[in-house]
Amino acid sequence: MSELRAALTGDFQHIIAFFSVDYDPAELAAALGNAFKDVTVSGCSTSGGIGPGGLMETGVLLIAFPRQGFRIHSGVIEDVGAFGVERASGIVRELKARMRVGERGQLAERVFGVMLVDGLSNAEEPLVAAVHWAFGDMQLVGGSAGDGLAFRQTSLIHDGRVLTRSAILMMVESDYPFRIFKTSNFEPTQIKLVVTAADTQGRMVQELNAEPAAREYASAIGLLPDELGPFSFASYPLVVKVGGDYYCRSIRNMNPDGSLSFFCAIDEGLVFTVARPKDMLSSTERTLQDIEHALGGIDLVVGFDCVLRRLDAENRQVRRQMEDLYRNFRVVGFHTYGEQHNAMHLNQTLTGVAFGPRREIQR
């Protein structure tokens, strides 16, 4: 912790910490509180980090927001499964009341939201929709906490507390221009799989096309059920069509009974399309180049990158190139169990916020 404190010099008002499951969250929260007194620290456990030096399997990444140029207001939405939707609008109203940007233009031009969610809460979809609705014109981005690939318990920390089944919501007033974005790299095939039996609350599919789910999915992608695993789930994502666009509904793991657990909400009657990845490097680079052009340069990108994208990059042996790409565009962040973008909870996507060079504020 002394090394982290020595590396961060300046006057900060908020620090976001992304940490691997090697760290005890209570001990880490206490140590960060002692090291950065009078600074609010928020954060979550991860399935890997994205640091200035590349992808991180273990370790702690701190993103410090200086007082000069930023004002960050944060709150906690507890018990997201039972009461999160009801509490979300109240938290948003409370955070909006603290802001001071009214005289400098519309909120959407100066303010965005960041949300970190318990990645095993199975509550992201209604929570994200409720927060986005309460936000109005403001945009929202964020990620679901991970625990490597154990799927046992994810943790959040905020102001010295350790939280589970909760979400941390931050509203960020920025004097820097910014862009909220998402990018993915898959295309649909002609193969369809219909959910014919499911535990919707547990995000578990028992049957696809009236056949055992794992066996039918494996058959659709040309594998045997015992060959399924994180790399095959990353290489052959399932997508659904919403409003003319396709969105991933990624498989989390295969269960002993042959059912499939998902990172996103599912329901009986849902029609999946088997997808195949496109070139991750080129699609990600195009997105970041477009943002760089729009902002007149990129100072920093805070990214929320699906853990399945990392696994797919490793499987296709382009991890080193992805690290170079992220370094070139100053991307930092973490690998998630799901990504938030405005009203949507996504999978197998990179979402984030990119900051451009500071401009003179027109008053």
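# A tour from strand β8 to the largest pocket

Start by selecting phenylalanine 112, which stands opposite glutamine 139 in β8. The model is a predicted one, in which local features need pLDDT of at least 70, side-chain atom pairs count only at pLDDT 80 or more, and totals for chains, interfaces and linings use all residues. Residues are numbered from 1 along each chain as its sequence is written, and side-chain values use heavy atoms, with hydrogens and water left out.

**Stop 1: β7 and β8.** Select residues 111–117 for strand β7 and 139–144 for strand β8; the two pair in the parallel sense over six bridges. Strands here are DSSP runs of E with at least two residues, helices are runs of H or I with at least four, and both are numbered from the N terminus. Two strands pair if DSSP finds at least two bridges between them. Methionine 115 is another residue to pick, opposite glycine 142 in β8. Five of the six residues of β8 are buried, so this strand is largely enclosed by the rest of the structure. Buried means under 20% relative accessible area and exposed over 50%, with partly exposed in between (1.4 Å probe, protein chains only).

**Stop 2: the open sheet.** Extend the selection to six strands, which form an open sheet of mixed pairing in the order β6-β11-β7-β8-β23-β24. At the edges are β6 (70–77) and β24 (344–346), each pairing on one side only. From one strand to the next, the twist averages 20 degrees. Now add helix α3 (residues 84–97), which packs on the sheet and touches β6 and β11 (167–174); its direction makes about 155 degrees with that of β6. Contact means heavy atoms within 4.5 Å. Axes are lines fitted to C-alpha atoms, for helices over the stretch in contact, and angles run from 0 to 180 degrees between N-to-C directions. Helix α5 (residues 124–135) lies across β6, β7, β8, β11, β23 (339–341) and β24, at about 165 degrees to β7.

**Stop 3: β21 and its partners.** Select residues 300–306, strand β21, where six of the seven residues are buried. β21 pairs with strand β25 (residues 349–355) in the antiparallel sense over six bridges; leucine 300 has phenylalanine 355 in β25 as its bridge partner. Six bridges also join β21 to strand β22 (residues 331–336), and these two run parallel. Glycine 303 has glycine 333 in β22 as its bridge partner.

**Stop 4: helix α10.** Glutamate 323 is in helix α10 (residues 319–328) and is buried, with a relative accessible area of 10%. Leaving aside neighbours within four places in sequence, glutamate 323 is in contact with Gly54 and Leu55. Colour the buried residues Met322, Glu323, Leu325 and Tyr326 of α10. They cover an arc of only 160 degrees around the axis, which puts them on the same side of α10 (the arc is that of the directions from the helix axis to the C-beta atoms). Turned away from that buried side is the face with the exposed residues Arg320 and Asn328. Just after α10, arginine 330 takes a positive phi of about 60 degrees.

**Stop 5: the largest pocket.** Finish at the largest pocket, with a volume of about 410 Å³. On a 1 Å grid over the protein atoms alone, a pocket is an open set of points with protein on both sides within 12 Å along at least five of seven lines, and lining residues have an atom within 4 Å of a point. Grid points are joined across faces, edges and corners, and the volume is the space filled by probe spheres set on the points. The lining has 21 residues, of which Leu62, Ile63, Ala64, Leu300 and Val332 lie nearest the centre. The elements giving two or more residues are α1 (2–7), β5 (60–66), α10 and β22. β5 supplies the largest share of the lining, six residues.

Key
On a 1 Å grid over the protein atoms alone, a cavity is a set of points where a 1.4 Å probe fits but cannot get out, and a pocket is an open set with protein on both sides within 12 Å along at least five of seven lines; lining residues have an atom within 4 Å of a point.
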